[in-house]
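Dear colleague,

I am passing on the structure we spoke about, together with some notes on what turned up in it. Please read them with the coordinates open beside you.

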Amino acid sequence: MTITDHQYEDLLADIMSHGVEKPDRTGTGTRSIFGRQLRYDLSQGFPAITTKSLYWHGVVGELLWFLQGGTNNRWLKENNIHIWDEWADDSGDLGPIYGHQWRAWPTAAGPVDQVRNLLDTLKNDPSS
């Protein structure tokens, strides 16, 4: 579900009119206003905050696929999600994309499951 979000659009307009330029690590920079908040009633649905139309089925499916560590788009295609089709090889392989990086980030000591580390930290050190 996409929520029509006038408070988000109003905030964007305010940032463009009154925001302050900030440098960042990419060299691109940002424009910001300090301390603003947007609040949403989650009983009304998940606030997919965007000014674009959103293919919700594809977004959720892609995120589930990443969380599973997916790197072959066969599962996506079986679920009518074609976000990655143009980058897959003939067998559907996409190489070490996000799913692999999230679940098996390569290090000298061996792969690191970043999702598992996140969940462990939330459970065991929630103030981290």
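Helices and strands are here DSSP runs, of at least four residues for a helix and at least two for a strand, numbered from the N terminus. On that basis the order of elements in the protein, read from the N terminus, is α-β-β-α-α-α-α, which amounts to five helices and two strands. Please keep in mind throughout that this is a predicted model.

Overall dimensions

The radius of gyration of the protein is 19 Å, whereas a compact globule of 128 residues would have one near 14 Å. Along the principal axes, the C-alpha atoms occupy a box of roughly 50 × 35 × 35 Å. Of the 128 residues, 20% count as buried, and the accessible surface comes to about 9700 Å², with carbon and sulfur atoms contributing 55% of that area. Among contacts with a separation of 6 or more, 40% are made by residues 24 or more positions apart. As for charge, there are 11 positive and 17 negative charges, and their mean positions lie 5 Å apart.

The nonpolar core

The largest nonpolar core has eight residues, namely Trp65, Phe66, Leu76, Ile81, Trp84, Ala88, Leu94 and Ile97. In soluble globular proteins, nonpolar side chains tend to be buried together. Within this core, Trp84 is in contact with Glu62, Trp65, Phe66, Asn73, Leu76, Leu94, Ile97 and Tyr98, if neighbours within four places in sequence are left aside.

Leu94, another member of the core, lies in the loop between H3 and H4. Its relative accessible area is 13%, and because buried means under 20%, Leu94 counts as buried. The C-alpha atoms of Leu94 and Trp84 are separated by 8.1 Å, the two residues being ten apart along the chain. Not counting residues up to four places away in sequence, Leu94 touches Trp65, Thr71, Asn73, Trp84, Trp87 and Ala88.

Asn73 appears in the contact lists of both Trp84 and Leu94, and I would suggest looking at this residue next. Asn73 is placed in the loop between helix H2 (56–67) and helix H3 (74–78), and with a relative accessible area of 2% it is buried. Residues up to four places away aside, Asn73 touches Trp65, Trp84, Asp85, Ala88, Gly92 and Leu94.

Other loop positions

Asn80 is found in the loop between H3 and helix H4 (98–103), and although it is not a glycine, it has a positive phi of about 55°. Most residues other than glycine have a negative phi.

Ile49, in the loop between strand S2 (30–32) and H2, has a relative accessibility of 36% and therefore counts as partly exposed. The C-alpha atoms of Ile49 and Ile97 are separated by 25 Å, with their positions 48 residues apart along the chain; of these two, Ile97 is listed in the core described above.

Is Ala109 buried or exposed? Ala109, which sits in the loop between H4 and helix H5 (114–124), has a relative accessible area of 81%, and since exposed means over 50%, it is exposed. Its C-alpha atom is separated by 49 Å from that of Ser17, a residue 92 places away along the chain.

With best regards

Methods:
Residues numbered from 1 in each chain as written. Predicted model: local features only at pLDDT ≥ 70, side-chain atom pairs only at ≥ 80, totals over all residues. Heavy atoms only, no water. Core = buried A, V, L, I, M, F, W, Y, C linked by side-chain atoms within 4.5 Å. Buried < 20%, exposed > 50% of the residue type's maximum accessible area, 1.4 Å probe, protein only. Contact = heavy atoms within 4.5 Å. Rg over C-alpha atoms; globule rule 2.2 N^0.38 Å. Areas by Shrake-Rupley, 256 points an atom, 1.4 Å probe, with all protein chains shown as cover. Lys, Arg positive; Asp, Glu negative; His and termini not counted. Charge placed at Lys NZ, Arg CZ, Asp CG, Glu CD.
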